[in-house]
Amino acid sequence: MMDKALQEAKYRHEFKYLCTEAQLAILSSRLSGILPKDKHVDSDGIYRIKSLYFDDRNNRCYYENEDGVSPREKFRIRIYGNSPDKISLECKRKEQGKIHKTSCNLSMEEFIFLAYGKGSIPFEKLPPLAQKLQILRMTDGMEPKVIVAYERTPYVYKNGNVRITFDRNITSSTQVEQFFNGNIRKRPILPVGMQLLEVKYDEYLPDPIYHALILENMQRTEFSKYYLCRRYFI
């Protein structure tokens, strides 16, 4: 039975499309007149995301994504650039085509403990979400499997809690022990010239945004970045 917290969770729509750089240029021109960018972007209008994804000893998260299992969850630890200033643990749950994400901040000590099993932190001292990951580490062998890194251009709109993102230069690395290293070996996961568009919103997508996003030949994909990055290593 679903627990009370999940029953009350806010689920969002999320759609992903493979696009050419030319298509993103057209979309950028259309959206920039009606949507502001996220206030946290760098001076060049983007931010650089790096995520450390976990999976269990049977690669359950990978195969559940491949098979379209619902509901399903995956854990990741996210930083921006290579900075340790903000380390976020996130759990992304997908159910009946909608997404819910929970998160908490981690100290460096908590990161090292959860990611690499080094050090010792009393279970009750961990944030609730970290406690859940720790249980999965102990019971299912949940551990870091791959690093996913990319550059994101984010547009936001208050009504409908809309978030439109352009994710470019998506790369993967299995050097999970070098998460904060800016010089790890990485490989691109999409064909040359292809990027990823993500459209997220709560209950509705306002008409001006909907019409701005209409382009021919955009290919919708159900696969996550995690799946696309891990498929080369399984």
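Which residue takes a positive phi in the hairpin of S6 and S7? Keep that in mind as we walk through this predicted model.

**Stop one: the hairpin.** Select strand S6, residues 143-157, and then strand S7, residues 162-173. The two pair in the antiparallel sense, with 10 bridges between them. For one spot along this pairing, pick threonine 153 and look across to phenylalanine 166 in S7, which stands opposite. Now move to the 4 residues between the strands: here is glycine 160, with a positive phi near 85°.

**Stop two: the other partners of S7.** Stay on S7 and add strand S9, residues 194-201. These strands run antiparallel and are joined by 5 bridges. Click threonine 165 to find its bridge partner in S9, glutamate 198. Next, add strand S8, residues 187-188, which pairs with S7 in the antiparallel sense over 2 bridges. Here serine 172 has arginine 187 of S8 as its bridge partner.

Before leaving, colour S7 by accessibility: 11 of its 12 residues are buried, meaning under 20% relative accessible area, so the strand is largely enclosed by the rest of the structure.

**Stop three: the largest pocket.** Select Arg78, Tyr80, Glu90, Lys101 and Arg163, the lining residues that lie nearest the centre of the largest pocket. The space in this pocket is about 770 Å³, and its full lining comes to 36 residues. Sorted by class, those are 18 charged, 10 nonpolar and 8 polar residues. Finish by showing strand S5, residues 98-106, which gives the most to the lining, with 5 residues.

Note on methods: Residues numbered from 1 in each chain as written. Predicted model: local features only at pLDDT ≥ 70, side-chain atom pairs only at ≥ 80, totals over all residues. Heavy atoms only, no water. 1 Å grid on protein atoms, 1.4 Å probe; cavity = no way out; pocket = protein on both sides within 12 Å on 5 of 7 lines; lining within 4 Å. Points joined across faces, edges and corners; volume = space filled by probe spheres on them. Nonpolar A, V, L, I, M, F, W, Y, C, P; charged D, E, K, R; others polar. Buried < 20%, exposed > 50% of the residue type's maximum accessible area, 1.4 Å probe, protein only. Pairing = 2+ DSSP bridges.
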